[in-house]
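Ready for some practice? Grab a pencil, take a look at the two chains below, and work through the exercises one step at a time.

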Amino acid sequence: MVRAMHSMLATLLFWIVVLMTVTAATFVVVARNILHAAFALAVAFLGVAGIYIFLHADFLAAVQLIVYVGGIIVLVMFAIMFSAHTQEGTVEPRRTWLALGGGALVAGVVLAATIMLINRLQVPLAEANAHADAAYRTTASAAPGEIALGHVLLGEYLLPFEVASILILAALVGAVAIVRKETR
Amino acid sequence: MDAFAHGLVLADQGLLSSGPNNLFNYLILGGVLFALGIFAMVSRKNAVGILLGVELILNASGINFVAFARFNGHQAGYHGFDGQVFTLFIIVLAAAEAAVALALVLAVFQTHRTIEMDRVDELRM
């Protein structure tokens, strides 16, 4: 009984998070003021972090919050403020029907193709659902998921990990070089 | 059309109602976020708005990776964390991409005094 209630509560919470994510993402797309769109994107990122928790990826949820909500959104806000002198400057001019129709067409085709692909998965969905968490259960029996993830990241994926740090350094230097004013 | 009918059958079997324990829900959510991101990329005029669409697409792919990692069956000697590690790298790449893209936006604003992509159409001022 308690177990059933717990499961029902989790399902309800899941759909609330999904609804929040999709609504915020829709607002990101349709909002005319780019500043409002950026705020909505922060909410969408929060929702995705919640989805990661439902997928038992707690570490990823934390990273999502720190990097996206704490980092990228702030960067986006900076860019918006720097590139608009007035509050009206952040309002996007009305989009043409051609742009809206073209966007809707491309997005609709992509969504339809995605749904078709999902239905043609190699492993049937019911079977996949039956062995949810199978891999985690056997490897993480003694250690929590974060410890196992750390071992994988700094073991099997050590080279990509180090390459990523070099890439971030390159991006940082590149970004400074791009915006720097010539002082000559 | 057949594929859509099949999808509706899946929804009928009560799979949709099992909420967080159903791979189908995560894949559909990823698809919807991806489509919204594509729409923003195609239709937005503001350069920052296009970047927001790209971020949505990257998040959609991250959800897909983690979902497939969780619903992967167990094979001997496999740790089952590949999907999560991939998503971690996607987040790292997204951060680097955002930094460079926003620097480019500021550089364009310095030279053209606007970041509307329709009005940035000459190679030399």
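**Exercise 1.** In which helix of chain B is Thr87(B) found? Work out its surroundings too.

*Solution.* Before we start: this is a predicted model, where local features need pLDDT of at least 70, side-chain atom pairs count only at pLDDT 80 or more, and totals for chains, interfaces and linings use all residues. Residues are numbered from 1 along each chain as its sequence is written, chains are lettered from A and ligands numbered from 1 in the order in which they are written, and side-chain values use heavy atoms, leaving out hydrogens and water.

Step 1: Find the element. Thr87(B) sits in helix 4 of chain B, residues 82-112. Helices here are DSSP runs of H or I with at least four residues, strands are runs of E with at least two, and both are numbered from the N terminus.

Step 2: Check the accessibility. Thr87(B) has a relative accessible area of 1%, so it counts as buried (buried means under 20%, exposed over 50%, partly exposed in between, with a 1.4 Å probe and protein chains only).

Step 3: List the partners. Contact means heavy atoms within 4.5 Å. Skipping neighbours within four places in sequence, Thr87(B) is in contact with Tyr52(A) and Leu60(A) from one chain, plus Gly62(B), Phe65(B) and Val66(B) from the other.

**Exercise 2.** How many residues and what span does helix 4 of chain B have? Place that helix in its chain.

*Solution.* Step 1: Count and span. Helix 4 of chain B has 31 residues and reaches 44 Å from first C-alpha to last, close to the expected 45 Å at 1.5 Å a residue. The expected span is 1.5 Å times one less than the number of residues.

Step 2: Look just past the end. Arg113(B) follows helix 4 of chain B, and its phi is positive, near 60°.

Step 3: Zoom out. Chain B has four helices and zero strands, giving the pattern α-α-α-α along the sequence. Of its 125 residues, 56% count as buried.

**Exercise 3.** How many residues of chain A are in contact with chain B? Describe the interface.

*Solution.* Step 1: Count both sides. 89 residues of chain A are in contact with 84 residues of chain B.

Step 2: Get the area. About 7,600 Å² is buried between chain A and chain B, and carbon and sulfur atoms give 77% of that. Buried area is the accessible area (1.4 Å probe) that two parts lose on being put together, summed over both.

Step 3: Count the polar links. Between chain A and chain B there are six residue pairs in polar contact, both at pLDDT 80 or more. A polar contact is a pair of N or O atoms within 3.5 Å; within protein, one must be able to donate a hydrogen and the other to accept it, and residues adjacent in sequence count only if both atoms are side-chain atoms.

Step 4: Find the main contributor. On the side of chain A that touches chain B, the largest share, 15 residues, comes from helix 4 of chain A.

Step 5: Sort by type. That side divides into 66 nonpolar, 16 polar and seven charged residues. Here Ala, Val, Leu, Ile, Met, Phe, Trp, Tyr, Cys and Pro count as nonpolar, Asp, Glu, Lys and Arg as charged, and the others, Gly among them, as polar.

**Exercise 4.** Is Ala37(A) buried or exposed? Do the same for two other residues of chain A.

*Solution.* Step 1: Ala37(A) lies in helix 2 of chain A. At 0% relative accessibility, Ala37(A) counts as buried. Not counting residues up to four places away in sequence, Ala37(A) touches Val28(A), Ala31(A), Arg44(B) and Leu52(B).

Step 2: His56(A) lies in the loop between helix 2 and helix 3 of chain A. With a relative accessible area of 44%, His56(A) is partly exposed. Its phi is positive, about 60°, although His56(A) is not a glycine. Most residues other than glycine have a negative phi.

Step 3: Leu172(A) is found in helix 8 of chain A. Its relative accessible area is 53%, so Leu172(A) is exposed. The C-alpha atoms of Leu172(A) and Ile72(A) are 13 Å apart in space, though their positions lie 100 residues apart along the chain.
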